[in-house]
Each structure stands twice: as structure tokens, then as C-alpha cells.
Amino acid sequence: MADAVKDSIIVRSEPDRVYDVISDFATYPEWQDDTDTTEILETDEQGRGRRVRFAVDAKIVRATFVLSYTYEDRAMRWTLIEGDQLRRNDGSYELADRGDGTTEVVYSLQVEPTVMLPGMLKRRMVKRIVEEALRGMKARVESLG
């Protein structure tokens, strides 16, 4: 069973800037500690990554996988297409304009590695991935001004 984690963070920036950062896959290795490399395999009609390959080191699991992305006005969602160490990696970023120059970013993630791990260890791994991604994204967005 995939372990699901949902967390949020407030970013001092407008939703459009947050959206630009989370959809710029080439920069993920700069602000996501677990991400070693990314490669955009296919783009949509607006030039955004539709299929993206990742190589990650989540400390417990090292994996290479391809995600399929869909985009909405204030959300970005993904599902796992293929992966060497994962059965599932599905998630989303959802953005809410707070009307005061800040954005609430909600990150949901479900991960199921192919290796057998105790439930508590899997939940801790997914929670750490979500927390670190949110902190890294916030720092990246806010450093852009």
C-alpha cells in the first residue's frame, strides 16, 4: 500500500511565481536535496514538462523514474509511468492565493517503493521528502524576489 502524506507551507510570493518554480524541472536539483538529475522527455503545447525522468536519492531508496504531469490553473499533478525502485509515485502541488502577496502551497504525495520497508520507515521517508521539498521550494521562490 502506498503511504500518503499531505503538508502545506506559506510562501511570500504570488502563485504565478510559485507555479514557475515548481514547473521548472531543470532547476529541481538546485532546490530539492534528494533530486540528483532531471530530464524532460516530452513537453506539452505550452512547453511544460509532460514526461520527466528523475534520478533521486531519498537516503533509504535510490531510484530512477518517469513521471507524467498534468497542469491546472493553480495545480500540478503527476503519476508514475515507470520506475526501477517504485511501484507508485503520485502527487500534486496545489496553490491558493491568500490575497496578501502570499501563497499557500499544499503538497500531496503517495509513494510505494518496490523494496519491502517497515510501514513506519516508509511513512517517515515520504514525510521527509514532502517537508524537504516544501522548504526547498519556499527558499527558491523567495530568493527570486
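How many helices and strands are in the protein chain? I looked that up before anything else, keeping in mind that this is a predicted model. I got three helices and seven strands. Going along the sequence, I wrote the pattern down as β-α-α-β-β-β-β-β-β-α.

Next, overall dimensions. The radius of gyration came out at 15 Å, close to the 15 Å from the globule rule for 145 residues, so I can call the chain as compact as a globular protein of that length. For the C-alpha trace I noted spans of about 45 × 35 × 25 Å along the principal axes.

Then burial and contacts. I have 45% of the 145 residues down as buried. Of the contacts with a separation of 6 or more, 50% come from residues 24 or more positions apart.

Surface and charge came after that. My entry for the accessible surface reads about 7500 Å², with 47% of that belonging to carbon and sulfur atoms. I also looked up the 22 positive and 28 negative charges, whose mean positions are 5 Å apart.

Last, the aromatics. The count is 12 aromatic pairs. I picked out Y93 and Y107, a stacked pair at 4.6 Å centre to centre with 20 degrees between the planes. Y93 sits in strand β6 (residues 86–97) and Y107 in strand β7 (residues 103–113), 14 residues apart, and the pair links distant parts of the chain. Are these two rings' residues buried or exposed? Y93 is buried, at 1% relative accessible area, and Y107 counts as buried too, at 6%. Both also belong to one aromatic cluster, whose members include Y19, W31, F54 and W78.

Conventions. Residues are numbered from 1 along each chain as its sequence is written. This is a predicted model: local features need pLDDT of at least 70, side-chain atom pairs count only at pLDDT 80 or more; totals for chains, interfaces and linings use all residues. Side-chain values use heavy atoms; hydrogens and water are left out. Rings of Phe, Tyr and Trp (its six-membered ring) pair if their centres lie within 6.5 Å; planes under 30 degrees apart count as stacked, over 60 as edge-to-face and the rest as tilted. Helices (H or I, at least four residues) and strands (E, at least two) are DSSP runs, numbered from the N terminus. Buried means under 20% relative accessible area, exposed over 50%, partly exposed in between (1.4 Å probe, protein chains only). The radius of gyration is taken over C-alpha atoms; the globule rule is 2.2 Å times the number of residues to the power 0.38. Contact means heavy atoms within 4.5 Å. Accessible areas come from the Shrake-Rupley method with a 1.4 Å probe; for residues, only the protein chains shown count as cover. Lys and Arg count as positive and Asp and Glu as negative; His and the chain ends are not counted. The place of a charge is taken as NZ of Lys, CZ of Arg, CG of Asp or CD of Glu.
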